[in-house]
Amino acid sequence: MQDDGGAFQRIIAKPDNKALMSNSEIEIVVDDPTAPEPDSPVVTDTRAVEVVVSLLLMGLALLLGYDNWRTGIGWDSTGPQAGYFPFYLSVILAAASLYGLVATVLARKEVSETFVTRAQLRRVMAVFVPTLLFCLATQLLGMYVASFLLIALFMRMVGRIALWKSLLTAFVFSAAMFVTFDIAFDVIMPKGPLEAAFGY
């Protein structure tokens, strides 16, 4: 190979950082057919929610403070009475709630944002209502039957999963819970008429 007096220059191709950056920043958007509508009407804003939460916390603080005051908030020969520390924690909670309430009321109304829309609330209720019914059903039917109903109905009505898959999954899960808690570990769980019929 002939050297013409100059060093061979090797040109190394460098990757285009801008091109790499633009490729890495490409956002993949997947449409969710069950997503809430963006133009759904507003149910309430953050300002109203903050006011209600502050009032609820203040009511709780007053209730706890009164109850601990009845229990005793002073000192006796053995030290602080049972309600001493809880009473002052209630005072702190009441003061914090009052501060939050005043700050929210005095804030400019235009800075308040949407807290929840009707479509979003509908999705939240689709989870909250079955869970609340599950808690009530547990008291009447027991943990295992209530779990079976919750899983089966949730998969079928919310997840739109085939009925046989929903029932099978709910049965396997409830049976596994029963074997784990009642048989393997002998843990006492809430039971209903079905378990009583089988001697449990």
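In what follows, a helix is a DSSP run of H or I with at least four residues, a strand is a DSSP run of E with at least two, and both are numbered from the N terminus. On that basis, the loop between H5 and helix H6, residues 163-184, is where Arg 160 is found. I shall return to that residue after the overall architecture. Please keep in mind throughout that this is a predicted model.

The protein chain contains seven helices and four strands. Followed along the sequence, these elements give the pattern α-β-α-β-β-α-β-α-α-α-α. The chain has 200 residues, of which 20% count as buried. Among contacts with a separation of 6 or more, 62% are between residues 24 or more positions apart. The area exposed by the chain is about 15,600 Å², and carbon and sulfur atoms supply 68% of that area.

I turn now to helix H4, which covers residues 118-141. How does the span of H4 compare with what its 24 residues should give? At 1.5 Å a residue, the expected value is 34 Å, and the end C-alpha atoms lie 33 Å apart, so the two figures agree. H4 nevertheless has a kink of about 30°, centred on Met 125.

Met 125 also appears in a nonpolar surface patch of about 760 Å². The members of that patch are Val 43, Leu 121, Val 124, Met 125, Phe 128, Val 129, Leu 132, Leu 133 and Leu 136. Which element gives the most to the nonpolar patch? Helix H4 does, with eight residues. Leu 136, for instance, is placed in H4. A general point about helices is useful when looking at such a set: an α-helix has 3.6 residues a turn, so residues three or four places apart point the same way.

H4 has buried residues as well, namely Ala 119, Phe 134, Ala 137 and Thr 138. Against what do the buried residues of H4 pack? Their partners are strand E4, residues 114-117, and helix H5, residues 143-158.

Let me take Thr 138, which lies in helix H4, as the example. Its relative accessible area is 7%, and the cut-off for buried is under 20%, so Thr 138 counts as buried. Leaving aside residues up to four places away in sequence, Thr 138 touches Met 143, Ala 146 and Pro 190.

After H4 comes Gly 142, with a positive phi near 95°. Gly 142 also leads us to a later part of the chain. Ala 196 is 54 residues from Gly 142 in sequence, yet the C-alpha atoms of the two are 10.0 Å apart in space. Ala 196 belongs to helix H7, residues 193-197. With a relative accessible area of 52%, Ala 196 is exposed.

Positive phi values also occur in two residues that are not glycine. One is Arg 160, with phi near 55°. Is Arg 160 buried or exposed? Its relative accessible area is 68%, so Arg 160 is exposed. The other is Asp 186, whose phi is about 55° and positive, although Asp 186 is not a glycine. Asp 186 sits in the loop between H6 and H7. Asp 186 too is exposed, at a relative accessible area of 63%.

My last topic is the salt bridges. How many salt bridges are counted? The count comes to two.

In one of them, the side chains of Arg 70 and Asp 67 meet at 2.8 Å, N to O. Both residues are in helix H2, residues 46-71, and they are three residues apart, so about one helical turn separates them. Arg 70 is exposed, with a relative accessible area of 52%. Asp 67 is at 34% relative accessibility and therefore counts as partly exposed.

The other salt bridge joins Lys 191 and Asp 182, whose closest N and O atoms are 2.8 Å apart. Lys 191 has a relative accessible area of 28% and is partly exposed. Why does Asp 182 count as buried? Its relative accessibility is 12%, and buried means under 20%.

To close, I would direct your attention to H4 once more. This helix gives eight residues to the nonpolar patch, and its buried residues pack against strand E4 and helix H5. Thank you.

Note on methods
Residues are numbered from 1 along each chain as its sequence is written. This is a predicted model: local features need pLDDT of at least 70, side-chain atom pairs count only at pLDDT 80 or more; totals for chains, interfaces and linings use all residues. Side-chain values use heavy atoms; hydrogens and water are left out. Patches are made of residues with over 30% relative accessible area and no salt bridge: like charges are joined within 9 Å, nonpolar side chains (Val, Leu, Ile, Met, Phe, Trp, Tyr) within 5 Å. Accessible areas come from the Shrake-Rupley method with a 1.4 Å probe; for residues, only the protein chains shown count as cover. A salt bridge is a side-chain nitrogen of Lys or Arg within 4 Å of a carboxyl oxygen of Asp or Glu. The expected span of a helix is 1.5 Å times one less than its number of residues. The bend at a residue is the angle between axes fitted to the seven residues ending there and the seven starting there. Buried means under 20% relative accessible area, exposed over 50%, partly exposed in between (1.4 Å probe, protein chains only). Contact means heavy atoms within 4.5 Å.
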